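I opened a fresh page for this one and jotted down what I looked up, in the order I went.

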Amino acid sequence: MKLTTLLVCDAGLDKRQTIEELIHSQPSLSLVGTVAGGMAREQIGSLHPKLVWIELSPAPVRGLSLLAELRETYPNLYFFVSYEIADPELIRTAYRLGASDFLDAERWRTDLPAAVQSIQLKHQSEAVSSAGGKCIAVFSPAGGIGATTIVANLAGYLSKYGETCIVDLDLQFGMVAHYLNLEPSFSLSTIDFTHTNFDAAYLRNLMTKYDDKLSILSAPPELEDIGDIYAAQVQEILFTAKQEFRYTVVDLPKNLLDERAIAALDLADQVIVLSEYNWASILNTRKCLDTFKAHYNQDKLLLVINRSEWLPQDVLNECRTNLNYSVFAEIPNDPKTAKWVNNQGQIAPAHTALGKALDSIARRLSGGEQLLLTKKDNDKAGGFRLPAIFGARK
């Protein structure tokens with residue numbers, strides 16, 4: 001698939017020619033024109049590109065404003081953003097505004113092929129028929145929320161409705177295999193994309209079976225093994241898994257700027273954002289959801305509250321208002337069961353509070369009841385303040 005590309009550049013001739021040469025160097029890109037920022041909207045309407053590359057020089061703020069405007073007007077287009085240096089604030093803002101990738105001058109020659117392949121795989125995933133499997137990514141904006149426990153047990157309950165696999169993308173500290181008491185012979189770091197025809201049979205050979213309905217592709221056992229795993233490879237793994245399994249559950253790392261996490265989020269059919277009713281989780285979850293909403297349709301994002309405990313109704317209302325997002329499900333605090341299943345490597349029994357909640361979520365994800373627990377209060381959603389029960393930070 002050729003990606004027709006429009007370059008938007010107000011920088012000098014040298015910069016413009018450099019980026020045009022980069023685009024011409026990619027067989028999958030086809031440059032249809034180079035325009036100044038003021039002409040971008042008009043040229044998109046007449047040239048109909050699939051990809052718009054915006055160079056932020058010489059005025060980054062103006063360039064990001066243009067990105068926001070074009071992303072809102074043309075939500076189905078892909079956007080690359082480039083700048084001379086990898087400024088962290090610019091990167092965060094660009095991703096929040098909907099950029100597919102951020103390319104800096106030092107690394108764009110090496111990073112561009114993977115960025116292009118990531119878009120191609122995303123485009124392919126969007127064209128997959130509804131008969132294909134479903135990919136569900138689980139992301140927790142704060143640590144210690146119990147995401148791995150939820151991933152392992154949710155996958156166990158989803159396997160009741162069709163063959164399921166887990167892909168542990170927490171590459172540095174992935175623990176899914178340990179939580180299920182498995183000792184994998186292979187992991188993500190085993191894959192050799194340069195010498196291997198990656199297909200469903202090869203993918204299955206890399207997995208460790210929990211039972212006949214649930215398989216695991218584990219994270220690398222050693223930290224030094226994660227360097228050769230790239231975003232395009234992650235998408236190829238997940239794309240293949242979606243064709244082979246009814247459900248693919250992905251345990252994501254905490255770093256939203258990790259290109260591999262972004263690749264998984266792009267390809268996922270639904271993203272579970274896992275939070276708790278405490279001030280740190282609410283702050284991070286609000287920030288996370290605000291970012292996600294710039295990239296994805298809201299029906300793709302499911303807010304799930306873990307370890308839900310009794311709180312006064314007014315406090316719950318404040319929590320939900322501050323989150324400014326509908327709650328898809330609440331999982332009750334069941335520490336006894338959670339400790340037992342993690343120590344024993346078992347799926348939470350169906351009679352426990354944890355098991356009942358995850359069974360209900362799995363049933364809804366598999367096509368059962370789709371009612372939401374709560375709806376956001378639009379009249380109160382504007383400002384953010386923490387419920388009084390959490391107290392002010394000193």
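**Salt bridges**

I started with Asp-104 and Arg-107, whose side chains meet in a salt bridge at 3.3 Å, N to O. I kept in mind that the model I am reading is a predicted one.

How exposed are the two partners? Asp-104 has a relative accessibility of 4%, so I put it down as buried. Arg-107 comes out at 44%, so I noted it as partly exposed.

Then I saw that Arg-107 also meets Asp-111 in a salt bridge, this one at 3.8 Å from N to O. Asp-111 has 27% relative accessibility, so it goes down as partly exposed.

Next I looked up a network: Lys-15, Glu-55 and Glu-84 are joined by salt bridges that share partners. One bridge I checked there is between Glu-55 and Lys-15, with the closest N and O atoms 3.7 Å apart. Glu-55 sits in strand β3 (residues 51-55) and Lys-15 in helix α1 (residues 13-24), so this bridge ties together parts that lie 40 residues apart in sequence.

Are these two charged residues buried or exposed? Glu-55 is buried, as its relative accessible area is just 3%. Lys-15 has 17%, and I call it buried too because the cut-off is under 20%.

For the total, I wrote down 15 salt bridges in the structure.

**Aromatic rings**

My search of the whole structure for aromatic pairs gave 4 of them. Trp-53 and Trp-108 make one that is edge-to-face, with 6.5 Å from centre to centre and 65 degrees between the planes. Where do the two rings come from in the chain? Trp-53 belongs to strand β3 and Trp-108 to helix α5 (residues 108-127), so the pair links distant parts of the chain, 55 residues apart.

I checked burial for both. Trp-53 has 0% relative accessibility and counts as buried. Trp-108 is at 5%, and that counts as buried as well.

I then turned to Phe-292 and Tyr-296. Their ring centres are 6.1 Å apart and their planes meet at 65 degrees, so I filed the pair as edge-to-face. Phe-292 is buried, with 3% relative accessible area, and Tyr-296 is buried with 9%.

One more note on rings: Trp-53 and Trp-108 also belong to an aromatic cluster, and Phe-80 is in it with them.

**Charges over rings**

I wanted to know which charged residues sit over a ring, and found Arg-246 over the face of Tyr-247, 4.8 Å from the ring centre. I also found Arg-364, whose charged end sits over the ring of Phe-328 at 3.9 Å from its centre.

**Helix α14**

Arg-364 took me to helix α14, where it is listed among the buried residues. The others I copied out for this helix include Leu-354, Ala-357, Leu-358, Ile-361 and Leu-365. Asp-359 is on that buried list too, as are Gly-355 and Ala-362.

Does the length add up, and what span should I expect? The helix runs over residues 353-365, and at 1.5 Å a residue its 13 residues should span 18 Å. I found the end C-alpha atoms 19 Å apart, which agrees.

Just after α14 I came to Gly-367, which takes a positive phi of about 115 degrees.

**Cysteines**

How many disulfides does the structure hold? I counted 0. I looked at two cysteines anyway. Cys-288 has 4% relative accessibility, so it counts as buried. Cys-319 is at 0% and also counts as buried.

**The whole chain**

Last, I stepped back to the chain as a whole. I wrote down 14 helices and 13 strands. The chain has 394 residues, and buried ones make up 54% of them.

I also looked up how contacts spread along the sequence. Taking contacts between residues at least 6 apart in sequence, 78% join residues at least 24 apart. The Glu-55 and Lys-15 bridge, with its parts 40 residues apart, and the Trp-53 and Trp-108 pair, 55 residues apart, are two links I had already noted along the way.

Conventions:
Residues are numbered from 1 along each chain as its sequence is written. This is a predicted model: local features need pLDDT of at least 70, side-chain atom pairs count only at pLDDT 80 or more; totals for chains, interfaces and linings use all residues. Side-chain values use heavy atoms; hydrogens and water are left out. Helices (H or I, at least four residues) and strands (E, at least two) are DSSP runs, numbered from the N terminus. The expected span of a helix is 1.5 Å times one less than its number of residues. Buried means under 20% relative accessible area, exposed over 50%, partly exposed in between (1.4 Å probe, protein chains only). A disulfide is a pair of cysteine sulfur atoms within 2.5 Å. A salt bridge is a side-chain nitrogen of Lys or Arg within 4 Å of a carboxyl oxygen of Asp or Glu. Rings of Phe, Tyr and Trp (its six-membered ring) pair if their centres lie within 6.5 Å; planes under 30 degrees apart count as stacked, over 60 as edge-to-face and the rest as tilted. A charge sits over a ring if NZ of Lys or CZ of Arg is within 6 Å of the ring centre and within 35 degrees of the ring normal. Contact means heavy atoms within 4.5 Å.
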